[in-house]
Structure formats: structure tokens, C-alpha cells
Amino acid sequence: MFNRFAILSVILAALSGATAAHAQSADASGTWLTQAGDARVKISKCGGGICGVVVWLREPYDTATGQIATDSKNPNPALAKRPIVGLPLFSGMQPSGPSKWSGQIYNADDGSTYASNISVSGADSLRVEGCVGALCGGETWTRAGR
């Protein structure tokens, strides 16, 4: 009887450890390096979903003007002057499955917002996709520093 209890305890401990490790690896929170390595985005939990903000740029200054890089492609003149560092990228990112969120993503390269899906594909891998109609594209971000 004691033997069965000991075996059951070991199995439960192993399963709870695996579940905790899986939950930790499925968390999108943290700082992520874009696929091109030109920006870092900090993702945090907010409003039942996730938020993402640019926290670092490889080239924080506009090479043409020497000024801080701004959201110059934004069609709204009031928003076009805001710095890229500190720029919120996600809106309405809500859970849509295990380790997956859906909402919208802003692309400062063209000043447009796209339907988006984000999914954690490993402890240090995040798949970020944006779609216009049926056309979708994406990239894989890596966790920056642990």
C-alpha cells in the first residue's frame, strides 16, 4: 500500500512539474527580438489579453534627419510625430486558444494596422502573423535575454 502511494506521489509530482514548465513556456510575457533583429518588443499581460510596446531599436535615429525615429508613415499627422520607441503595436489582443492571441497589430513600416495572430511556439519562440484579407505573412521572434 505504501509503495503504491509513493509511486502515485512521484507521478503526480512529475506531472505538476511538467504542467508548470509548459505554462511557463506558453507565456508570451517578456521582451522579444524581431526576426530581423532591428527591434525589441516588450509583451505584458493587460486587460485579459496581451499588449506589446517597442522598447528598443537597432537604429533609434532617422538616418535622413538625424532625429529620433518617429511613426512618420502613420496617416494621422498627430500620431506621425510620436517616437517609435514606446509605440504600442498590439490592440485588442485577446486569448484565442492555448498559447495564442488574436487582435490587431500596427506596422510602423507602412502606417497600417492588420488582423493578427500571435502564438508561443516554444519557451523562446513567438510566431507573429498579420493578415490583409486572405493574404497573411509572419515572422518568428526570439526571446531577448533570460
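This is a short tour of one protein chain, with stops at its largest pocket, its two disulfides and two residues of a loop. Keep in mind as you go that the model is predicted.

**Stop one: the largest pocket**

Start by selecting D38, A39, N107, A108 and D109, the lining residues that lie nearest the centre of the largest pocket. Centre your view there, then widen the selection: 33 residues line this pocket, and the space inside comes to about 1000 Å³.

Which strands should you colour next? Try β2 (39-46), β3 (49-57), β5 (100-107), β7 (125-132) and β8 (135-143), each of which gives at least two residues to the lining. Give β8 a colour of its own, since it supplies the largest share, with four residues.

Now colour the lining by residue class. You should find 16 nonpolar residues, nine polar ones and eight charged ones.

**Stop two: the disulfides**

Select the bonded cysteines next. There are two disulfides to visit, and counted along the chain their bonded cysteines pair as 1-2 and 3-4.

Go to C46 and C51 to begin with. Their sulfur atoms are 1.7 Å apart in a disulfide. Looking along the S-S bond of C46 and C51, you meet a torsion of about 85 degrees, so this disulfide is right-handed. Add a surface to see how its two ends sit: C46 is partly exposed at 24% relative accessibility, and C51 is also partly exposed, at 27%.

Then move to C131 and C136, joined by a disulfide with an S to S distance of 2.0 Å. The torsion about the S-S bond of C131 and C136 is about 110 degrees, which means that this one is right-handed. Is each end of this disulfide buried or exposed? C131 has a relative accessible area of 16% and is buried, whereas C136 reaches 52% and counts as exposed. The cut-offs explain the labels: C131 falls under 20%, while C136 is over 50%.

**Stop three: N74 in the loop**

Select N74 now, in the loop between β3 and β4 (90-97). With a relative accessible area of 10%, N74 is buried; you may want to hide the surface to see its side chain.

What does the side chain of N74 reach? One partner is the side chain of D71, in a polar contact of 2.9 Å. Another is the backbone nitrogen of N76, which the N74 side chain reaches at 2.9 Å. Show both distances as dashed lines, then bring up the residues around them. Setting aside residues up to four places away in sequence, N74 touches L79, A80, R82, Y106 and G111.

**Stop four: P60 in the loop**

For the last stop, select P60, which is also in the loop between β3 and β4. Turn the surface back on here: P60 is partly exposed, with a relative accessible area of 33%.

Which residues does P60 contact? Beyond its neighbours within four places in sequence, they are Q67, I68 and A69. Finally, add P83 to the selection and draw a line between the two C-alpha atoms. P60 and P83 are 23 residues apart along the chain, and their C-alpha atoms are separated by 9.1 Å.

Terms used
Residues are numbered from 1 along each chain as its sequence is written. This is a predicted model: local features need pLDDT of at least 70, side-chain atom pairs count only at pLDDT 80 or more; totals for chains, interfaces and linings use all residues. Side-chain values use heavy atoms; hydrogens and water are left out. On a 1 Å grid over the protein atoms alone, a cavity is a set of points where a 1.4 Å probe fits but cannot get out, and a pocket is an open set with protein on both sides within 12 Å along at least five of seven lines; lining residues have an atom within 4 Å of a point. Grid points are joined across faces, edges and corners, and a volume is the space filled by probe spheres set on the points. Ala, Val, Leu, Ile, Met, Phe, Trp, Tyr, Cys and Pro count as nonpolar, Asp, Glu, Lys and Arg as charged, and the others, Gly among them, as polar. Buried means under 20% relative accessible area, exposed over 50%, partly exposed in between (1.4 Å probe, protein chains only). A polar contact is a pair of N or O atoms within 3.5 Å; within protein, one must be able to donate a hydrogen and the other to accept it, and residues adjacent in sequence count only if both atoms are side-chain atoms. Contact means heavy atoms within 4.5 Å. A disulfide is a pair of cysteine sulfur atoms within 2.5 Å.
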